[in-house]
Amino acid sequence: MVANQGKFAVVLLSGGLDSMVAGALAREAGYRLLALSIDYNQRHRVELQAASRVAKSLNAMRHIVLPLDLTAFGGSALTADIAVPKSGVGGDIPITYVPARNTIFLSLTLGLAEVAGASDIFIGVNALDYSGYPDCRPEFIDAFQTMAALATKAGVEGHPIRIKTPLQYMSKADIVREADRLGLDTGISWSCYDPTPDGKHCGLCDSCRLRSKGYQEAGLPDPTLYAARP
C-alpha cells in the first residue's frame, strides 16, 4: 500500500512545468489532489488555461481558480505596464518578481488545506535553476513552515500542515527528466511571461530561457512552441 494513500494534498498549480511535476510527484506518492491556481491578473494569464489542463491530467479532485487582482499593487513586469526583460537571466532579483507572491499564495493555500483537511501542500519551487526570486529559497520555505504551525488550528493541535518542495534542489534538466520518468505531457504546461499574440512562448524571457535550457541539458525533445530562440 502506498504510504499516503487516501490523504489529501493541496497543489499550488501555476500551469508551469515545475508545478506540474510537483503535482505529479504528489499523485505518485498516493495523495488525493486538490489544485489551487491564483488568477492575479498576471500578464501571462494563458497559464491559467494550462493550469486547467494540468489539473485534469493529474486527476485532481477539484481545481479552484481564485481571483486576486495584484495589478492593484503593481510593482512587477507581470502585474504592471513594465516590459519583460529579454536579454538573459541575470544575477539580481528581476523585475518579473511579484512582491511577496509565494508568501501570499502559500497563505491562501494553507487556508484551503486546513479547510479541506489536507495534510500536505506541494509547491514547485527550486533553488538551483531559477530567476533569483527570494521566495523560492529553502530558508523561506522553512520559515513559512514554522509560521504555518503557529498560525493554524491544525498546527496548534499538533497536526501541522507540511509544506513539500520535491523540486527544491533539482536543476531544470532534473525536472525535465523527472517529468519524462513520470510520463507527463509537458507540452500542455506553460512557462512564458510574455506570450506572443499567436499563442507561442516568446523564447527570450527568463522563464523561456530556463525551460529551453532544461530540455537541452536533459537531452530530451522540447514540445514547446517558441517564437524566437535565445
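## Two asparagines with positive phi

Asparagine 41 is partly exposed, with 32% relative accessible area. That value falls between the cut-offs of 20% and 50%. The model here is a predicted one. Asparagine 41 sits in the loop between β2 and α2, the helix of residues 46–57. Its phi is positive, about 60°, although asparagine 41 is not a glycine.

Asparagine 59 has a positive phi of about 60° too, and again the residue is not a glycine. Where is asparagine 59 found? Its place is the loop between α2 and β3. Is asparagine 59 buried or exposed? Asparagine 59 is exposed, because its relative accessible area is 58% and the cut-off for exposed is over 50%.

## Strand β1 and its partners

Now look at β1, residues 8–12. Four of its five residues are buried, so the rest of the structure largely encloses this strand. The chain leaves β1, passes through helix α1 (residues 17–28) and arrives at β2. This β-α-β crossover is right-handed.

Which way do β1 and β2 run? The two strands are parallel, and five bridges join them. To find the pairing in the structure, start at valine 10, which stands opposite leucine 34 of β2.

β1 also pairs with β4. Here the sense is parallel and there are three bridges. Valine 11 faces a partner in β4: it stands opposite phenylalanine 122. In a regular strand, side chains alternate between the two faces of the sheet.

## Helix α3

Helix α3 covers residues 101–116, which makes 16 residues. From first C-alpha to last, α3 reaches 22 Å. That is close to the 22 Å expected at 1.5 Å a residue.

Which residues of α3 are buried? They are Arg101, Asn102, Phe105, Leu106, Thr109, Leu110, Leu112 and Ala113. These buried residues pack against strands and a helix. The strands are β1 (8–12), β2 (32–39), β3 (62–67), β4 (120–122) and β5 (162–164). The helix is α4 (138–151). After α3 comes glycine 117. Its phi is positive, near 75°.

## A salt bridge across the sequence

Side chains of opposite charge can pair when their charged atoms come close. How many salt bridges does the structure hold? There are twelve.

One of them joins the side chains of arginine 43 and aspartate 194, at 3.9 Å from N to O. Arginine 43 is in the loop between β2 and α2, while aspartate 194 is in the loop between α6 (172–181) and α7 (206–218). The pair therefore ties together parts that lie 151 residues apart in sequence. Arginine 43 is partly exposed, at 33% relative accessible area. Aspartate 194 counts as partly exposed as well, at 22% relative accessibility.

## Salt bridges one turn apart

In helix α7, glutamate 217 forms a salt bridge with lysine 213. Their closest N and O atoms are 3.5 Å apart. The two residues are four places apart, about one turn of the helix. Glutamate 217 counts as partly exposed, at 44% relative accessibility. Lysine 213 counts as partly exposed at 33%.

Elsewhere, salt bridges that share partners join Glu28, Glu178 and Arg181 into one network. Within that network, the side chains of arginine 181 and glutamate 178 meet in a salt bridge at 3.0 Å, N to O. Why are arginine 181 and glutamate 178 separated by about one helical turn? Because they are three residues apart in helix α6.

## Glutamate 178 up close

Is glutamate 178 buried or partly exposed? Glutamate 178 counts as buried, because its relative accessibility is 17% and the cut-off for buried is under 20%. Its salt-bridge partner arginine 181 counts as partly exposed, at 46%.

The side chains of glutamate 178 and arginine 181 are also joined by a polar contact of 3.0 Å. Which residues touch glutamate 178, leaving aside neighbours within four places in sequence? Glutamate 178 is in contact with Val21, Leu25 and Met170.

How values were computed: Residues are numbered from 1 along each chain as its sequence is written. This is a predicted model: local features need pLDDT of at least 70, side-chain atom pairs count only at pLDDT 80 or more; totals for chains, interfaces and linings use all residues. Side-chain values use heavy atoms; hydrogens and water are left out. The expected span of a helix is 1.5 Å times one less than its number of residues. Buried means under 20% relative accessible area, exposed over 50%, partly exposed in between (1.4 Å probe, protein chains only). Contact means heavy atoms within 4.5 Å. Two strands pair if DSSP finds at least two bridges between them. A crossover is right-handed if, with the strands pointing away from the viewer, the path from the first strand over the helix to the second runs clockwise. A salt bridge is a side-chain nitrogen of Lys or Arg within 4 Å of a carboxyl oxygen of Asp or Glu. A polar contact is a pair of N or O atoms within 3.5 Å; within protein, one must be able to donate a hydrogen and the other to accept it, and residues adjacent in sequence count only if both atoms are side-chain atoms.
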